[in-house]
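I opened this notebook to record what I looked up in the structure. The entries follow in the order in which I made them.

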Amino acid sequence: MPEPEPHRSPAERREALKQLLVEARRCARCSDLAASRKTVVFGSGNANAELMFVGEAPGASEDEQGLPFVGRAGKLLDELLAEIGMERADVFVCNTLKCRPPGNRDPLPLEIENCQDYLRRQVGLIEPAVICTLGNFSTKLLRGDPTGITRLHGKPEIITVGSRAVRLYPIYHPAAALYTPRMLETLREDFARLPELLAAGAPEQPFDAPEIVPDEIAAMRASAEAEEAPATAEETRAPDQMGLF
């Protein structure tokens with residue numbers, strides 16, 4: 001029998017997630033994105049969510065407000081959640097990239113590579129049972145495979161993200177369904193299966209799943225506080241995402 005996953009309290013998860021947010025806000029791995037962004041759109045929702053949504057990248061509204069999925073696609077996501085008896089406060093929503101690509105262009109391979117560590121660490125901290133990938137970019141990244149969303153949507157599978165085994169469930173991005181009634185119908189059908197996947201719970205976890213303990217969280221906090229650089233203009237105007245989870 002596999003060993004049980006190490007216990008991690010909600011308070012420990014949230015505190016570690018806050019420290020990761022501080023780190024992400026100062027990230028300059030992609031110099032072009034760091035120079036053009038208004039905010040780092042880290043993600044929002046429930047730090048202990050069983051269901052996590054991963055989209056593509058922030059758009060103009062998200063970059064302005066510092067929150068994911070706030071435009072028309074976000075409203076559709078809210079409607080779809082309501083149809084299965086859920087709301088944003090029940091889930092965690094984020095993107096493959098934390099910064100808006102200029103002109104809303106597609107993320108570049110190097111940008112995805114530079115940013116994927118933040119996403120994998122978010123998954124490790126939140127510990128979702130189900131990750132719902134929205135569209136091609138997040139689906140291809142987490143599966144490590146170029147197969148597109150058209151072939152994969154609505155087909156759950158168990159994968160390992162970092163050290164976390166999850167039920168991956170690819171579906172179309174809500175933005176793609178805004179203008180295509182047939183795709184919207186398919187999206188609704190796929191969405192309707194989420195309660196069934198959540199009821200199945202998290203899959204069996206690997207033996208070597210690491211535990212984040214209070215000492216490690218304290219070390220993360222000390223590392224962030226040790227940086228002597230003052231808050232950037234971006235950090236000053238960014239919304240208090242820490243209060244969102």
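**Entry 1: R164 and its surroundings**

I began with R164, which counts as buried because its relative accessibility is 6%; buried means under 20% relative accessible area, exposed over 50%, and partly exposed in between, with a 1.4 Å probe and protein chains only. I worked on a predicted model, in which local features need pLDDT of at least 70 and side-chain atom pairs count only at pLDDT 80 or more, while totals for chains, interfaces and linings use all residues. Residues are numbered from 1 along each chain as its sequence is written, and side-chain values use heavy atoms, with hydrogens and water left out.

I located R164 in strand β6. For helices and strands I used DSSP runs, numbered from the N terminus: H or I over at least four residues for a helix, E over at least two for a strand. I then looked for a partner of the R164 side chain, and found one of its polar atoms 3.2 Å from the backbone oxygen of P128. A polar contact is a pair of N or O atoms within 3.5 Å; within protein, one must be able to donate a hydrogen and the other to accept it, and residues adjacent in sequence count only if both atoms are side-chain atoms.

**Entry 2: A165 and E127**

I placed A165 in strand β6, which covers residues 164–171. A165 counts as buried, at 4% relative accessibility. Leaving aside neighbours within four places in sequence, I listed the contacts of A165 as I159, T160, P203, E204, Q205 and P206; contact means heavy atoms within 4.5 Å. I also noted that the C-alpha atoms of A165 and E127 are separated by 8.9 Å, with these positions 38 residues apart along the chain.

I followed this to E127, in the loop between α5 and β4 (130–134). E127 counts as buried, with 6% relative accessibility. Its phi is near 60°, a positive value in a residue other than glycine.

**Entry 3: N104**

I looked up N104 as well, whose phi is near 60°, again positive in a residue other than glycine. N104 belongs to the loop between β3 and α5. Is N104 buried, partly exposed or exposed? I recorded it as partly exposed, with a relative accessible area of 42%.

**Entry 4: the chain as a whole**

I counted 12 helices and 6 strands in the chain. Of its 245 residues, 47% count as buried. Among contacts between residues at least 6 apart in sequence, 78% join residues at least 24 apart.

**Entry 5: N95**

I found N95 in strand β3 (residues 92–95). N95 counts as buried, at 2% relative accessibility. Which atom does the side chain of N95 reach at 3.0 Å? I identified the backbone nitrogen of E56. Not counting residues up to four places away in sequence, N95 touches V54, G55, E56, A57, P58, P68 and F69.

**Entry 6: L76**

I placed L76 in helix α4 (residues 72–83). L76 is buried, with a relative accessible area of 7%. Setting aside neighbours within four places in sequence, I found L76 in contact with P174, A177, L178, L184 and L187. The C-alpha atoms of L76 and L184 are separated by 9.7 Å, and the two residues lie 108 residues apart along the chain.

**Entry 7: helices α5 and α6**

Two packed helices are described by the angle between their axes and the distance between the axes. I found that the axes of α5 (residues 109–126) and α6 (residues 136–143) come within 12 Å and cross at roughly 75°. The axes are lines fitted to C-alpha atoms, for helices over the stretch in contact, and angles run from 0 to 180 degrees between N-to-C directions. I therefore entered α5 and α6 as roughly perpendicular to each other, a description that applies from 65 to 115 degrees; under 35 is roughly parallel, over 145 roughly antiparallel, and the rest oblique.

I noted I112, Q116, L119 and R120 of α5 and F137, L141 and L142 of α6 as the residues that make the contact. They divide into 5 nonpolar, 1 polar and 1 charged; Ala, Val, Leu, Ile, Met, Phe, Trp, Tyr, Cys and Pro count as nonpolar, Asp, Glu, Lys and Arg as charged, and the others, Gly among them, as polar.

**Entry 8: cysteines**

I searched for disulfides, each a pair of cysteine sulfur atoms within 2.5 Å, and the count came to 0. For C30, the nearest cysteine sulfur is that of C27, 6.6 Å away. C30 counts as buried at 15% relative accessibility. For C115, the nearest cysteine sulfur is that of C99, 6.3 Å away. C115 is buried, with a relative accessible area of 9%.
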